[in-house]
Amino acid sequence: MNRVAIVCVDDEEIILSSLGKQLKRNLGKDYDIELASSAEEALFLCRELEAGGIAIALVISDQIMPSMSGEEFLIKLHTTHPQTLKILLTGQAEADSVGNIVNAAALYRYISKPWSENDLILTVREALRRYGQEQKLAHQNTLLKKTNRRLSKSLELLLATLEATDDGILVLDNHGKVVICNQQFISMWQISTKLIDKSSNHILGLISRRITKPFACDLTTQKYQLLKLINGNIVECYSQLHQRRGKTVGEAWGFRDVTLREQEKSKARRLAQHDTLTELPKRSILTAQLAAAISKAEQNSSSLAVMIVDLDRFKKINDSFGHQLGDLLLQQAVTRLKQCIRVQDVVARWGNDEFTILLPQIKDKKQTKAIATRIITAFKSPFTLDQKTIHVTVSIGIATYPEHGNNPEILLKNTDSALSQAQQFKGNHFQYYDSSFYTQANKLLTLENLLHSALKKSEFILHYQPIVNVMTGKIAKMEALIRWQNPQLGLVSPYTFIPLAEENGLITPIGEWVLKTACSQNKAWQDLGLAPIKMSVNLSPRQFQQSNLVSTITEILEQTQLEPSSLELEITESITIQNTDAAKAILNELNEMGITLSMDDFGTGYSSLGYLQQFPFQTLKIDRSFIKDLHPASQDLAIVNAVITLGQGLNLNVVAEGVETAELRDLLQNLGCEYIQGYLFSKPLPAVAATKLLEQNQ
C-alpha cells in the first residue's frame, strides 16, 4: 500500500468542509483527504479504500451524530481497523465524556470544539507520526515472524525503534518492574540508569518531584495530561494499559516535549489579548484588571484612578504622512507614556489614538496631577519620524474611584466624559470628571437636534468679511461666513455647530445653501453697479467628497447667473492629502470652468511647500495662528516670510488672515504680502452693512 488516507466524519456539512479544507491545505500533498457525512458512509468508505489498496492512517470523527454516535462508530471501526488511529471531535472538554471509547482502546486523542487550525494540524501530524512509527514497528515484527528470530533479537529491534522516536517511553509490568524504557525517557527526566531496576513507585516519584507543584498530579490515575517541569519545559504525558488475551499485563507511558507547541499557543493567546502594533493590552484586559483593582481598593478602603490619553489631531498626521509613519508615532508615544507612569500602573491601547492608564493605589489628586503633568511635558518635545519633525499635543481625561464611580463601566464612561471636556482646550490639558459634564453633553444633544431643522426654518445667515489689497486699500474679495441665529440659543458660533454638522452629514446641504446664497449676493452687488469682486466660499471636507460636487456648483452658478470667474472656492490642505489623485481631478475641472481656487489655513498641515505645485491654486491664505502674535523678533516671522516668498515664486496671491493692527499690516507689507484680512479693516458684516462698505470703498 503506497497511498495513505485520512478520513473525516461529521454530519454538519460546514464543519466537515472546513475540516477537510484545513487538512488538504496542510497535508494534501502527502495524504488523501476523504470526507463522510455519517458513520455508515464512513464505514463503507473505509472498506472501499482498503479494497483499493489505500491504507487508512487516521480517522477524525464528530462525537454527536444522528444514527450512530462518534463513540459507537470508532469502537466499531476499531474491530476492523485496529491499526488506524482515531481522533474524536467533541464539544465537551472533559476527558470523562469519552471514557467508553478510551476504555475500548479505540481513541488516540480528542479535540475540543471549536479548535484552532494550528492546534488541529499539530495534533494530526503527531498522530500521523505515531501511525508511521507503529507501521514501522508492525513491519519489523512481521519481518521478525518471517525470519523466526529469537525473542532477544526482537527486543533489541523494538528498543532500536523506541530509540528512534522523540518520545520518552516507559513500560512497566503488573508488578511495577521496568520492562523497557528508551534513552529519551532517561534524558528527559534525568534518571540514572542505576535506578531503572527500581520499582515503578520510585521512578514515578522521581518524575513527580521534577514537576512544578501547580501541575503535579497522580500519574497513575490520569491517562492524558500536560506537565510543567521545574526547568520550564512542558511535557505531554499519555498512558495506555497493555493487554494480552483480555488480561492487563502492564502499562506504558509516553512523554513528549511540547514546549515549543505550548509556547506558540501562549503567543497566540497573547496576540489575541494584546495590540500587535504597540504590544499593549487591549480593552478587555484593562477592563478586567480595573475590575480586580476596584475590588482590591474596596477591601483596603483605598483609591485608584483611570486616565484616557488622546493624541490630538492624530488623524491629520495619518492623512498627511500615511499610516506607516502614524504607526511609528504611536509606538514612540507608548514609549513616552511608559516613562511617565509608575511600575504598578498599567497602560492599554483603547482606540486608534487613545490610551487608557490604570493607576492603582492613589493617595490623592496630587499624584494623578503629577503623572498627567509629566505626560503633557513629555509630549511637548517634538517627534522625529522618517526625517520629519512632528509636534503632538495630548488631552487627558481623569476619573477616580470611588469619587467618580464604583464599577469599571461607570468609571470608564466618566473618564471618557472628562476627556471630551479636556479636548475643548485644544491640546496639552488634563481634566478631572465633573458631573456638570452631563449638562454640557445634553446641551450638545439639544444643539444637534435644533441644527436638523435650522435650514428648513431659514435660521442661517451669511456675514461677509472683505479681503483687501494692502497696496491700494481696495476690496478685492468678500469671504462668505455662515452664522446661525436660533430663537432659543441666539447667535451660535460656527466653531460650535460646524463640527456637529460635519459629523452628522448636515454640512452638505448647509454648504450648498451657503454657496447659492453667496453667489446670489455677489450677483446682486454686480446688478447694483458695484465694481466686480470675487466671492470666496469655503468647501468643507465632507462637501469635497461628494461625487456630484462639480455638477452642483455648475447648477448653482447657472441658477444665480454668476460668472465662474466671480467665484473663489477655499479648501484646506488636508482635503488634498486624503486622496491626491481625486483632488487633482476635481480642482483641475473647477479651474477649467474659470473658478479660482484658494488654499485656506496654510501652515497648519504637514505637507511640504513644494506640494502646492501639484494643484491649480491661485491664492494662498496664511493661517491666523502665524499672524496674530507676529512681530519683528517673532519665531514665526521666518515662516511667514518663507510662505510669502513661496507664493511669489509660484505666482500665487498671498492673503494674511487675522490682521488686527496697523503694525501688523505694515510688517506684512514690508515682507511683500499683497492681501490682508482681519478686524483692522472690517469684521464680518451682514449683507446690508457689507453693501454699504463696498459702496464706500468704491
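**Figure 1. Five strands of the predicted model form an open sheet in the order β12-β13-β11-β16-β17**. The pairing within this sheet is mixed. Strands β12 (346-349) and β17 (429-432) stand at the edges with a single partner strand each, so one side of each has no neighbour in the sheet. From one strand to the next, the twist averages 20°.

**Figure 2. Strand β16 (residues 394-401) pairs with β17 in the parallel sense**. Four bridges connect β16 and β17. One residue to locate in this view is G397, whose bridge partner in β17 is Q431.

**Figure 3. Helix α10 (residues 283-300) lies across β11, β12, β13 and β16**. Of these strands, β11 spans 303-311 and β13 spans 354-362. The helix runs at about 15° to β13.

**Figure 4. Strand β1 (residues 4-9) is largely enclosed by the rest of the structure**. This follows because six of the six residues of β1 are buried, buried meaning under 20% relative accessible area. In a regular strand, side chains alternate between the two faces of the sheet. In β1, V4, I6 and C8 point one way, while A5, V7 and V9 point the other way. The residues on both sides are all buried.

**Figure 5. Strand β1 is paired with β3 and with β2**. Six bridges join β1 to β3 (residues 55-62), and the two strands run parallel. The pairing of β1 with β2 (residues 32-36) is also parallel and comprises five bridges. I6 can be used to find both pairings: its bridge partner in β3 is L58, and its bridge partner in β2 is I33.

**Figure 6. A right-handed β-α-β unit is made by β1, helix α1 and β2**. Helix α1 covers residues 13-27. The two strands of the unit, β1 and β2, pair in the parallel sense.

**Figure 7. Strand β6 (residues 168-173) pairs with β10 and is largely enclosed**. Five of the six residues of β6 are buried, so the rest of the structure largely encloses this strand. Six bridges join β6 to β10 (residues 247-257), and the two run antiparallel. At D173, the bridge partner in β10 is G250.

**Figure 8. Strands β6 and β7 form a hairpin**. Four residues lie between the two strands. In the turn, G176 has a positive phi of about 85°. Three bridges join β6 to β7 (residues 178-181) in an antiparallel arrangement. The bridge partner of L172 in β7 is V178.

Key
Residues numbered from 1 in each chain as written. Predicted model: local features only at pLDDT ≥ 70, side-chain atom pairs only at ≥ 80, totals over all residues. Heavy atoms only, no water. Buried < 20%, exposed > 50% of the residue type's maximum accessible area, 1.4 Å probe, protein only. Pairing = 2+ DSSP bridges. Right-handed = clockwise from strand over helix to strand, strands pointing away. Axes fitted to C-alpha atoms, helices over the stretch in contact; angles between N-to-C directions. Contact = heavy atoms within 4.5 Å.
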